[in-house]
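Here's a quick tour of how some helices sit in this model. Have the sequence and the 3D view open as you read.

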Amino acid sequence: MSLRRVVVTGLGAITPLGNTAPAYWEGLQAGVSGAAPITRFDASKFKTRFACEVKNYNPDTYFPTKEGRKMDIFTQFALIAADEAIKDANLEGVDKDRVGVIWGSGIGGLTSLQAECIAFANGDGTPRFNPFFIPKMIADSASGNISIRHKFRGPNFVTTSACASSSDSIISAFNYIRLNMADVVVTGGSEAAITESGVGGFNALKAMSERNDAPELASRPYDKERDGFVLGEGAASLILEEYEHAKARGAKIYAELIGGGMSADAYHITAPDPEGNGVVLVMQNALRDAGISPADVDYINTHGTSTPLGDGAEVKAIQKVFGEHAYNLNISSTKSMTGHLLGGAGAIEAVACILAMQHNVVPPTINHFTDDPELDPKLNFTFNKAQAREVNVAMSNTFGFGGHNTSVIFRKIES
Amino acid sequence: MSEIAEKVKAIIIDKLGVEASEVTPEASFTNDLGADSLDTVELIMEFEKEFNVSIPDDQAENIGTVGQAISYLEEHAK
């Protein structure tokens with residue numbers, strides 16, 4: 001059986017840089033930071049008191065109050081991004097039995113879980129859990145709600161692999177379409193973990209930047225003074241569609257999804273393998289699946305979270321896989337601007353890759369001040385300013401706690 | 001209208017997102033006010049919390065309209 005081709009026909013996003021996909025791209029190519037002091041709760045006693053929040057967010061703008069209250073904020077973000085992508089792809093008239101929803105979230109409804117547990121702990125022991133608590137909290141409520149809203153009756157589930165979650169959802173969607181189990185899949189990912197338990201938990205892992213005096217300068221992948229990631233929130237959605245199906249209905253085609261790779265570090269639950277062996281493997285797997293050679297790749301949107309260990313391991317792996325061609329690549333970590341969206345990272349970075357191809361502009365790695373002597377200075381990290389470049393093939397890497405590695409490759413479609 | 005009736009109406013307006021004019025004594029939560037089974041459970045829980053009562057499941061089943069909620073709570077509220 002030959003595999004079917006899969007293209008991208010719609011995009012949507014709600015991010016710390018902007019609340020639509022075009023606004024997100026404006027922020028990316030301008031090199032803007034989304035970091036600022038935390039407004040969602042009183043963080044004055046926390047080691048980290050800033051994050052990349054979605055700005056000016058009011059659920060009432062998007063949902064009737066009664067409807068919004070039944071969804072955790074990570075599901076609200078999912079619906080907003082998916083609505084934009086579905087509208088962009090103009091899916092009116094497609095057979096809804098053949099449209100799936102495969103979403104990614106690393107955590108699910110942490111805000112709801114925390115609120116219900118606090119309310120119980122503050123009570124007299126009488127269990128007064130809200131009937132909407134469980135449906136709000138479970139991670140699959142994102143894909144469930146998207147399907148209910150749009151009546152999409154195809155395959156429906158959520159992938160969870162920490163910060164790799166929404167690259168895994170994209171690869172799953174890709175496979176289901178390739179295997180003829182759906183013609184269209186609404187995919188993507190969302191996360192909303194800027195809560196006391198989210199920030200406190202990541203602080204305890206010593207994973208987050210504590211540069212409270214200059215939040216906008218804190219996310220600095222590949223800089224010698226990097227001190228951890230900056231927590232972000234939001235969502236992005238991609239409409240994946242079988243190529244002939246898209247052509248037949250005259251859909252706008254952004255790019256082709258040509259390959260997906262997955263691997264595991266099998267090393268440590270939170271620390272990356274310093275040799276980057278799992279990361280070498282995942283990029284090799286993705287290149288093989290895509291049927292291209294390393295020299296075909298123009299741009300890598302790295303995982304690059306701004307942690308001391310992770311950034312170096314990924315760069316080492318890129319050099320192993322790409323050899324001399326590594327010097328011809330544009331490499332950038334857009335987490336320098338968006339912060340780290342955890343389970344939403346793969347989706348917003350896939351959207352960044354596709355828009356980079358559309359505009360032939362590589363978004364930068366901002367906040368570069370001091371070279372890290374451990375990193376090869378001949379590599380082009382696209383520091384501080386976007387660079388014009390014909391981008392035909394773009395790769396997006398994402399890795400998650402647990403040692404999950406994923407890599408996806410998009411290519412411009414010949415017109 | 002009693003204080004209890006006022007509070008019951010306010011809870012229903014807030015939880016079900018309906019207009020005050022719709023919340024008549026005869027209005028059924030499910031047939032008239034758009035509630036599904038989970039909304040109804042949430043309403044009963046809010047009544048329990050607000051009026052510091054515990055409504056057994058077999059009695060909660062008989063509270064289907066605004067008027068039934070008000071009379072039950074006027075009788076049982078502490």
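## Helices and their neighbours

α4(A) and α7(A) lie oblique to each other, because their angle falls outside the ranges for roughly parallel (under 35 degrees), roughly antiparallel (over 145) and roughly perpendicular (65 to 115). This is a predicted model, where local features need pLDDT of at least 70 and side-chain atom pairs pLDDT 80 or more, while totals for chains, interfaces and linings use all residues. Residues are numbered from 1 along each chain as its sequence is written, chains are lettered from A and ligands numbered from 1 in written order, and side-chain values use heavy atoms, without hydrogens or water.

Here are the two helix pairs of chain A (axes are lines fitted to C-alpha atoms over the stretch in contact, with angles from 0 to 180 degrees between N-to-C directions; helices are DSSP runs of H or I with at least four residues, strands E runs of at least two, numbered from the N terminus).

| Pair | Angle | Axes |
|---|---|---|
| α4(A) (residues 73–89) and α7(A) (residues 141–150) | about 45° | 9 Å apart |
| α1(A) (residues 21–30) and α14(A) (residues 345–359) | roughly 75° | within 11 Å |

α4(A) passes α7(A) in a right-handed crossing (the near helix is turned clockwise from the far one by less than a right angle). Among the residues in contact (heavy atoms within 4.5 Å) are A:Phe74, A:Ala78 and A:Ile86 of α4(A), and A:Ile146 and A:Arg149 of α7(A). That contact divides into seven nonpolar, four polar and two charged residues.

The other pair, α1(A) and α14(A), is roughly perpendicular. On the α1(A) side you'll find A:Ala21, A:Tyr24, A:Trp25 and A:Leu28, which meet residues of α14(A) including A:Ile348, A:Leu355 and A:His359. Here the split is nine nonpolar, one polar and one charged.

Now for α11(A) (residues 277–290): its 14 residues reach 20 Å from first C-alpha to last, close to the 20 Å expected at 1.5 Å a residue. Its buried residues (under 20% relative accessible area, 1.4 Å probe, protein chains only) include A:Val279, A:Met283 and A:Leu287. The buried set packs against β8, α12, β13 and β14 of chain A. Just after α11(A), A:Gly291 takes a positive phi of about 70°.

Over in chain B, the buried residues of α2(B) include B:Asp39, B:Glu42, B:Leu43 and B:Phe51. They pack against α3 (65–68) of chain A, together with α1, α3 and α4 of chain B.

How values were computed
Ala, Val, Leu, Ile, Met, Phe, Trp, Tyr, Cys and Pro count as nonpolar, Asp, Glu, Lys and Arg as charged, and the others, Gly among them, as polar. The expected span of a helix is 1.5 Å times one less than its number of residues. Buried means under 20% relative accessible area, exposed over 50%, partly exposed in between (1.4 Å probe, protein chains only).
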